[in-house]
Structures are given as C-alpha cells and as structure tokens.
Amino acid sequence: MRSMGPAQAGGIALPPLTPGLRNLLILLFALYVLELVSQNFLGVPVALLAWGPGSTFPWQPVTRFLVTGPAPPTSVLFMLLAVYFFVPPTLQMNTRRELIEIGLATVLGSTVLAFVYDLAMPHSYTAGYSSLLLAMVTLFGLRAPDASVLLMFVLPIPARVFIWLSGLTAGLTALAFPGRLGGDYLGAFLGVLLWWYGRGPGKRRRELAAQGRQVERELRRFTVLQGGQADDDLVH
C-alpha cells in the first residue's frame, strides 16, 4: 500500500530531503556545472549531446536530457526546485510499473513528436529535462486534482489547474519554437495524457462510467408500478 504523501493530504508541503532526493539534486546540479565548465573553459561543444537541427548522432535523443543548453542559471535553479517539490509525490502516488510506463510514454512522445516537427520545421534544438518536469506536473494534476497548491507559496490553487497550465505551456512552446523544442514539450504533455486515458486510471474511470450507463439503461427496461392494497381488495 502506498503511503499518503503531502500531495494526497491536500497540498504540497516542503518534502523531507531524503538521501535519494538529495543525491538526485546534487547530480543534476553537478551536471549543469560540468556543462558550463566544459563549454566555457574547456571548449567542449555541448551540441554533441544536445539534439539540434542537422544533428545525426544516434545518442542525442537520449543525451539531450543531460544538458541544459542555453538555459540561464535562474531557469536551472527553478527546475531543481520543481524536482525537489514534485519528485516525492510522483514516487508516492504511482507504482513502480506505472512509473516505468509513464516514463516510456513521456520520452517516446516527446522524442517522436520532436522528430516529426523537425522534419517540417528544423528551426530549433532541444536539450534539458524541462519537458519531463512538465509531464510530471501534469501527472500530479491528474493524480490529485483536488489538492491545494500554494502558488509562489502564497496563492492556493487546485492542482487540476496545473493540467491546463502545462497544456498551455506545451502549446505555446510548440508555436513559439517550431521544431524539436516545440515537439519535445508538446509530445511530453500528450504522452502523459495518452497513458492516463489509455492505460492509467483515466481508462478505468471511463470503463466504470460506461458500466454505470449500461446499468441505468437496463433499469429503464423495468416498469415499477406504485400503489398499495385497495380497501375493497379481497384477501383469500
């Protein structure tokens, strides 16, 4: 049985800094520092790992998640903050099998759509794990839609709003950066939705709703006659 985390209890609180979460944050921060040092002081091009226009290296669709590209330090710090807040409830609210399926759906969706967009509009390249964070936020909104989240630690909003915000972000990114970057964001968002409604709880809810409608149709076939025993009825 999965324990109830802060998201399921009604909102996102400061999660405890477990050894695993701490090591993940240190690893991501160390990769970013290594990227800066390699590119700015050692002359090692990050483009070898990022997935950009004209790139033909087979490892780039995978290694693009390990580099942030031109993202400024403030964006990377916000990404690390999102990891700190959303990784614990994601692990708590999903089984290991679900996490594997969600991860595959997200990565495949983002990669395939980025490749399709690049065929038509090769204008941008994609790097970093921000699209995976967008998918994680979307999943949180689907899992705990009634949870109250303090936006900027002040304004409480229901978690279901994150679904719409994630979709809006993915859609605007696809319009603002036609190419691999836009396809990356939009594909990650659609990948989570396809898993949710194709294999996840959304599919089960749809099946239960269909069963409920079937039961209602069956009940309408029966006519219920209301009334009681008349005063002049004879009882033998």
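Here is a short conversation about the cores, spaces and aromatic rings of this structure.

Trainee: What kind of model is this, and how are residues numbered?
Mentor: It is a predicted model, in which local features need pLDDT of at least 70, side-chain atom pairs count only at pLDDT 80 or more, and totals for chains, interfaces and linings use all residues. Side-chain values use heavy atoms, with hydrogens and water left out, and residues are numbered from 1 along each chain as its sequence is written.

Trainee: Which helix gives the most to the largest nonpolar core?
Mentor: A nonpolar core is a set of buried Ala, Val, Leu, Ile, Met, Phe, Trp, Tyr and Cys residues joined through side-chain atoms within 4.5 Å; buried means under 20% relative accessible area, exposed over 50%, partly exposed in between (1.4 Å probe, protein chains only). This core has 25 residues, and V83, F86, Y129, L133, F140 and F162 touch the most other members. At least two residues each come from α1 (19–40), α3 (73–93) and α5 (130–143), where helices (H or I, at least four residues) and strands (E, at least two) are DSSP runs numbered from the N terminus. The top contributor, with 10 residues, is α3.

Trainee: How are the rings of F86 and F140 arranged?
Mentor: Rings of Phe, Tyr and Trp (its six-membered ring) pair if their centres lie within 6.5 Å; planes under 30 degrees apart count as stacked, over 60 as edge-to-face and the rest as tilted. F86 sits in helix α3 and F140 in helix α5, 54 residues apart. Their centres are 5.5 Å apart and their planes at 75°, so the pair is edge-to-face.

Trainee: Which residues form one aromatic cluster with F86?
Mentor: F86 also pairs with F162, with centres 6.0 Å apart and planes at 75°. F86 is buried, with a relative accessible area of 10%, and F162 is buried too, at 11%. The partners of F86 in the cluster are F140 and F162.

Trainee: How many charged residues are in the lining of the second largest pocket?
Mentor: Of its 21 lining residues, L24, V87, L132, L133 and M136 lie nearest the centre. Ala, Val, Leu, Ile, Met, Phe, Trp, Tyr, Cys and Pro count as nonpolar, Asp, Glu, Lys and Arg as charged, and the others, Gly among them, as polar. The lining divides into 18 nonpolar, 3 polar and, for charged residues, none.

Trainee: Which residues is L133 in contact with, leaving aside its neighbours within four places in sequence?
Mentor: Contact means heavy atoms within 4.5 Å. With those neighbours set aside, the partners of L133 are M79, A82 and V83.

Definitions and conventions: On a 1 Å grid over the protein atoms alone, a cavity is a set of points where a 1.4 Å probe fits but cannot get out, and a pocket is an open set with protein on both sides within 12 Å along at least five of seven lines; lining residues have an atom within 4 Å of a point.
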